[in-house]
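Okay, everyone, thanks for coming. I'd like to walk you through some helix packing and some charged side chains, so have a look at this one with me.

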Amino acid sequence: KLDLDRRFGLIDDQMRLAVRTGGADSYVAMEDRKLDLDARIEQGVRSGQLTAGEAEALRDDFNDIARVEASYRVDGLSAAERADLNRRFDDLSAEIRMARTDGDRVYGWNRY
C-alpha cells in the first residue's frame, strides 16, 4: 500500500506540474519510461533477481531522477534538460539490468 501511495503521489505531482508548464506531451513519454523502470524493479524483487537492498538503492536512484525532473519542470523543460533526464533514465535502466543479472539471488529461507 505504501509503495502504491508513493507512486500515486509522484504521478499526481508530476501531472499537476506538466499541466502548469504546458509540457503534457513530453510528460507522457517521460512518465512511460518511469513506469517501465519502476515495473522492472518490482518484477526483479518478485522474481528474486533483486535483493531488497538492490531494489532500495535502485528506487533511491529513481526518486533522485524524479526530484531532478520536478526541479527542471518548474520553469519549463529545455532540450538540454530533457537530454539530461533521458541520459539518467538510460543509466538507471542499465543499472536495473545489471542488478537483475549479477547473480545476487535470494531464494527461500536466505531471502532478506
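**Charge pairs and a helix pair**

Let's start in helix α2, residues 24-47: Lys34 and Glu31 sit three residues apart there, so about one helical turn separates them. Helices here are DSSP runs of H or I with at least four residues, numbered from the N terminus. Before I go on, this is a predicted model, where local features need pLDDT of at least 70, side-chain atom pairs count only at pLDDT 80 or more, and totals for chains, interfaces and linings use all residues. Residues are numbered from 1 along each chain as its sequence is written, and side-chain values use heavy atoms, with hydrogens and water left out.

Back to that pair. The Lys34 and Glu31 side chains form a salt bridge, 3.1 Å from N to O; that term means a side-chain nitrogen of Lys or Arg within 4 Å of a carboxyl oxygen of Asp or Glu. Both Lys34 and Glu31 are buried, and buried is under 20% relative accessible area, exposed over 50%, partly exposed in between, with a 1.4 Å probe and protein chains only.

Now over to helix α3. Arg73 and Glu69 are four residues apart in that helix, about one turn, and they make a salt bridge with the closest N and O atoms 2.9 Å apart. Those two are buried as well. And here's the nice bit: Glu31, Lys34, Glu69 and Arg73 are linked in a network of salt bridges. Across the whole structure, the search turns up nine salt bridges.

So how do α3 and α4 pack? Helix α3 (residues 52-73) and helix α4 (residues 79-100) have axes that come within 11 Å and cross at roughly 175 degrees. That makes the two roughly antiparallel, the word for angles over 145 degrees. The axes are lines fitted to C-alpha atoms over the stretch in contact, and the angles run from 0 to 180 degrees between N-to-C directions. By class, their contact has 10 nonpolar, no polar and seven charged residues. Among the residues that meet are Phe62 and Ile65 from α3, and Leu85 and Phe89 from α4; contact means heavy atoms within 4.5 Å.

Staying in α4, Arg87 and Asp84 pair up at 2.8 Å, N to O. Asp84 counts as buried at 16% relative accessibility, whereas Arg87 is partly exposed at 41%.

Last one: which side chain of opposite charge is nearest to Glu81? It's Arg82, 8.1 Å away, and Glu81 is buried with no salt bridge.

Terms used: Parallel < 35°, antiparallel > 145°, perpendicular 65-115°, else oblique. Nonpolar A, V, L, I, M, F, W, Y, C, P; charged D, E, K, R; others polar. Lys, Arg positive; Asp, Glu negative; His and termini not counted.
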